Amino acid sequence: PIIANLNSLSLKNRMSDKHMIICISRSTASGGSHVGINLAEKLNIDYLDSEIISKMIRTLEITEDLKNVTSNIPKADHPNIDEELLLAKDRSEFRRFLHMRNRYHGLNMRDASFFRMSEILIELSKKQDFVIVGRAADRILTSNRIPHISIFITAPLESRIKRVQAIHNCDARTAKKLLRVDDSIHAKYYNYYSGLKWGDANNYDLCLNSASYGIDGCVDLILNMMGNEEKSH
């Protein structure tokens with residue numbers, strides 16, 4: 001019975017009853033982003049990546065800054081004065097405010113962005129289901145005890161080189177160099193903010209070779225795993 005229990009599929013500690021959150025890490029040109037997009041589409045949930053998160057951060061911070069600036073603008077005595085005109089006249093104050101504001105106690109831009117992103121992910125996890133690719137999201141959620149599934153997508157170097165060549169129309173040497181640089185960036189980011197090793201199978205619930213299964217095959221395997229877990233309950 002003990003061995004049988006160890007052999008059984010159990011994701012109950014990795015999946016929340018309230019929201020489904022799937023974190024995907026990936027090596028460059030392994031198709032991990034496409035797996036995330038297709039998976040989100042199949043599950044009919046939101047897809048997030050670094051670009052989308054960055055836009056959310058910029059929108060949120062601009063909104064907060066404008067709110068703080070406009071709250072310090074004197075109310076117009078005349079009801080016909082356009083508020084936009086007041087904002088235009090107060091541009092110098094707006095610039096000064098942005099320079100003086102220190103939202104993250106002197107942290108550099110990368111650290112500030114990471115903690116801002118962490119705040120957004122934590123809030124989103126309380127409200128909705130989503131698939132997120134990259135940004136060490138699995139470690140952010142783990143640190144905050146938020147249930148999720150973590151997946152790592154990779155592929156052999158030769159396969160990834162061919163993919164980069166097809167995308168960027170470059171030779172194999174250039175493609176290999178691009179891969180090394182991008183993988184190094186991903187690894188340093190993940191290692192720095194998680195304290196763990198990027199790509200180490202011990203840090204993920206599931207690791208997949210996209211060259212063996214293809215994008216659609218990887219999506220099907222993930223869905224099948226999740227489907228079997230639901231059936232087991």
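## Surface, salt bridges and two residues in their surroundings

The protein chain exposes about 14,700 Å², and carbon and sulfur atoms supply 51% of that area. The model described here is a predicted one, and every value in this report was computed from it. The chain has 233 residues, of which 36% are buried, and its secondary structure consists of 10 helices and 5 strands. When contacts with a separation of 6 or more are considered, residues 24 or more positions apart account for 72% of them.

**Salt bridges**

A search of the whole structure finds 5 salt bridges, and three pairs are set out in the table, each with the distance from N to O.

| Pair | Distance, N to O |
|---|---|
| K55 and E51 | 3.7 Å |
| E119 and R116 | 3.0 Å |
| E123 and K126 | 3.4 Å |

K55 and E51 both belong to helix α3, which covers residues 50–71, and they stand 4 residues apart, about one turn of the helix. K55 counts as partly exposed because its relative accessibility is 43%, whereas E51, with a relative accessible area of 52%, is exposed, since the cut-off for that class is over 50%.

E119 and R116 are both found in helix α6 (residues 109–125), and because they are 3 residues apart there, about one helical turn separates them. How is each partner of this pair classed, buried or partly exposed? E119 has a relative accessibility of 38% and so counts as partly exposed, while R116, at 6% relative accessibility, counts as buried, because buried means under 20%.

In the pair formed by E123 and K126, whose closest N and O atoms are 3.4 Å apart, E123 is partly exposed with a relative accessible area of 38%, and K126 is exposed with a relative accessible area of 55%.

**Cysteines**

How many disulfides does the structure hold? The search gives 0 disulfides. As for individual cysteines, C23 is buried, with a relative accessible area of 4%, and C218 also counts as buried, its relative accessibility being 0%.

**S125 in helix α6**

S125 is placed in helix α6, and its relative accessible area of 9% makes it buried. Which backbone oxygen does the side chain of S125 reach? The partner is the backbone oxygen of I122, at a distance of 2.6 Å. If the neighbours within four places in sequence are left aside, the residues in contact with S125 are H19, I21, F130 and I146.

**R135 in a loop**

R135, by contrast with the helical position of S125, lies in a loop, namely the one between β3 (130–133) and α7 (137–143). With a relative accessibility of 28%, R135 counts as partly exposed, because this value falls between the limits of 20% and 50%. Leaving aside neighbours within four places in sequence, R135 is in contact with S50, F114, M117, I140 and Y189. One of these partners, Y189, is 54 residues away from R135 in sequence, yet the C-alpha atoms of the two residues are 7.7 Å apart in space. Another partner, S50, carries a number that falls in helix α3, the helix of residues 50–71 that also holds K55 and E51.

How values were computed
Residues are numbered from 1 along each chain as its sequence is written. This is a predicted model: local features need pLDDT of at least 70, side-chain atom pairs count only at pLDDT 80 or more; totals for chains, interfaces and linings use all residues. Side-chain values use heavy atoms; hydrogens and water are left out. Helices (H or I, at least four residues) and strands (E, at least two) are DSSP runs, numbered from the N terminus. Buried means under 20% relative accessible area, exposed over 50%, partly exposed in between (1.4 Å probe, protein chains only). Contact means heavy atoms within 4.5 Å. A salt bridge is a side-chain nitrogen of Lys or Arg within 4 Å of a carboxyl oxygen of Asp or Glu. A disulfide is a pair of cysteine sulfur atoms within 2.5 Å. A polar contact is a pair of N or O atoms within 3.5 Å; within protein, one must be able to donate a hydrogen and the other to accept it, and residues adjacent in sequence count only if both atoms are side-chain atoms. Accessible areas come from the Shrake-Rupley method with a 1.4 Å probe; for residues, only the protein chains shown count as cover.
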